[in-house]
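Welcome! Please open the structure in your viewer and keep the selection tool at hand for a short walk through it.

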Amino acid sequence: MIGRAEGDKLVGEQIVVECKRIRGPVLIHKTGAHRAQRIVAYGFPAEAWITRKWRIVEKT
């Protein structure tokens, strides 16, 4: 599936973005004391690929 509609989201451990311009980075707050950064990518088109899929680490 290729997400092309407004509001579509990619979820992964590692995402690569190719674009002509970026705005940011901006520090955002996640759960608890965790922090993250957000950038906005611009381009015609701005493209992104998941290079490492998200995995849940299970306790044994």
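## A short tour

Begin by selecting Leu-10, which sits in the segment before strand E1 (12-18). The model you are looking at is predicted. Leu-10 has a relative accessibility of 43%, so this residue counts as partly exposed.

Now add Ile-15, Val-17 and Ile-50 to your selection. Together with Leu-10, these residues make a nonpolar surface patch of about 300 Å².

Next, select Gly-12, a residue of strand E1. With a relative accessible area of 23%, Gly-12 is partly exposed. Which residues does Gly-12 contact, leaving aside its neighbours within four places in sequence? Show Ile-50, Arg-52, Lys-53 and Trp-54, and you have them. Ile-50 may look familiar, as you selected it for the nonpolar patch. For a distance to try in the viewer, pick the C-alpha atoms of Gly-12 and Ala-36: they are 14 Å apart in space, while the two residues are 24 apart in sequence.

For the next stop, select Glu-13 and Arg-55. Their side chains meet in a salt bridge, with 3.3 Å from N to O. Glu-13 belongs to strand E1 and Arg-55 to the segment after strand E4 (47-53), so the pair ties together parts that lie 42 residues apart in sequence. Side chains of opposite charge can pair when their charged atoms come close. How many salt bridges does a search of the whole structure find? The search finds one.

Before you leave, colour the two partners by accessibility. Arg-55 counts as exposed, at 51% relative accessibility, whereas Glu-13 is partly exposed, with a relative accessible area of 36%.

Notes. Residues numbered from 1 in each chain as written. Predicted model: local features only at pLDDT ≥ 70, side-chain atom pairs only at ≥ 80, totals over all residues. Heavy atoms only, no water. Patch = residues over 30% accessible without salt bridge, like charges linked within 9 Å, V, L, I, M, F, W, Y side chains within 5 Å. Areas by Shrake-Rupley, 256 points an atom, 1.4 Å probe, with all protein chains shown as cover. Salt bridge = Lys/Arg side-chain N within 4 Å of Asp/Glu carboxyl O. Helix = DSSP H or I, 4+ residues; strand = E, 2+ residues; numbered from the N terminus. Buried < 20%, exposed > 50% of the residue type's maximum accessible area, 1.4 Å probe, protein only. Contact = heavy atoms within 4.5 Å.
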